[in-house]
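Biologist: I am new to this model and would like a close look at one part of it. Please start there, then work outward.

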Amino acid sequence: MEEKKSKLSEIRATAFDAVEMMRLIGNPGVIESLSKVRDTAFQINEIIHGLQTPQMVKNIENFRIISENFNEVSSKMQSTVNHLKETGIIDKTTHLVDSAKQKIDSFDGINADIGSVVASTKEMLDSVSGLVIEITQTVSSVKKSQTAANVSDSITDVKEFYHTVS
């Protein structure tokens, strides 16, 4: 008899739990959540069906092949790098690049010196040009002679040199 009471209590508790669940399911928040779950399940179902189309199956197969090719290329690249390390080419190239960089860096100071030399030379040529103009004016006031013609040619040569340098 006790066994029947126990089963009866169990049935009563189960029915009570079922009624409580039904009451909770009627709650607007639960209905909204269940609606979202249903929509999500529907979308997942559509995705699964979309993945089963022949086009998607082919695309997935292509991705698998691409992945295998990447793995092969990666292995070959690693093998090549190891070979280059073994032969010492990487170390030699690194040394060469460092040496070239040092040489290029050493030109920075020279470039500044060359710039100042060029500026000084330009100033000197400007001064010589001014002097040539003064001499030309002086010579033009004097009677023209062969010496004056030679000076005039020299002035022209200096002007040409000046324009060539600047």
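In what kind of link do the side chains of Arg64 and Glu68 meet?

Modeller: They meet in a salt bridge, with 2.3 Å from N to O. A salt bridge here is a side-chain nitrogen of Lys or Arg within 4 Å of a carboxyl oxygen of Asp or Glu. First, a word on what you are looking at. This is a predicted model, with residues numbered from 1 along each chain as its sequence is written. Local features need pLDDT of at least 70, side-chain atom pairs count only at pLDDT 80 or more, totals for chains, interfaces and linings use all residues, and side-chain values use heavy atoms, leaving out hydrogens and water.

Back to the bridge. Arg64 and Glu68 are separated by about one helical turn, because they sit 4 residues apart in helix α3. A helix is a DSSP run of H or I with at least four residues, a strand is a run of E with at least two, and both are numbered from the N terminus. Arg64 also meets the side chain of Glu61 in a salt bridge, again at 2.3 Å from N to O. That pair lies in helix α3 too, 3 residues apart, or about one turn. Put the two pairs together: Glu61, Arg64 and Glu68 are linked in a network of salt bridges.

How open are these three residues? Take relative accessible area, with a 1.4 Å probe and protein chains only: buried is under 20%, exposed is over 50%, and partly exposed is in between. Arg64 has 38%, so it counts as partly exposed. Glu68, at 38%, is also partly exposed. Glu61 has 31% and is partly exposed.

Now the helix that carries them. Helix α3 covers residues 54-87. Its 34 residues should span 50 Å at 1.5 Å a residue, and its end C-alpha atoms are 49 Å apart, so the two values agree. The expected span is 1.5 Å times one less than the number of residues. Just after α3, Gly88 takes a positive phi of about 85 degrees.

Step back to helix α2, residues 28-51. Here Lys36 forms a salt bridge with Glu32, the closest N and O atoms being 3.6 Å apart. The two residues are 4 apart, about one turn of the helix. Glu32 is partly exposed, because its relative accessible area is 47%. In total, the structure holds 4 salt bridges.

Leu51 lies in α2 as well. At 40% relative accessibility, Leu51 counts as partly exposed. Leu51 is in contact with Met56, Val57 and Ile60, leaving aside neighbours within four places in sequence. Contact means heavy atoms within 4.5 Å.

Next, look where α1 and α2 touch. Ile25 belongs to helix α1. Neighbours within four places aside, Ile25 contacts Val30, Ile31 and Leu34. Ile31 sits in helix α2. Under the same exclusion, Ile31 touches Ile25 and Gly26. Both isoleucines are partly exposed: Ile25 has 41%, and Ile31 has 46%.

Ile25 also helps to build a surface feature. Together with Met21, Met22 and Leu34, Ile25 forms a nonpolar patch of about 430 Å² of accessible area. Patches use residues with over 30% relative accessible area and no salt bridge; like charges are joined within 9 Å, and nonpolar side chains (Val, Leu, Ile, Met, Phe, Trp, Tyr) within 5 Å. Helix α1, residues 2-25, gives the largest share of this patch, 3 residues. Met21 is placed in α1. Its relative accessibility is 55%, so Met21 counts as exposed.

Finally, the whole chain. The protein chain has 5 helices and 0 strands. Buried residues make up 4% of its 166 residues. Its accessible surface comes to about 14,400 Å², with 63% belonging to carbon and sulfur atoms. Accessible areas come from the Shrake-Rupley method with a 1.4 Å probe; for residues, only the protein chains shown count as cover.

How far should you trust the picture? pLDDT is the predictor's confidence in each residue, from 0 to 100. The chain averages 76, and 73% of the residues score at least 70. Among its elements, α2 has the highest mean pLDDT, 89, and helix α5 (residues 146-165) the lowest, 64. Where pLDDT is low, the predicted coordinates should not be read in detail.
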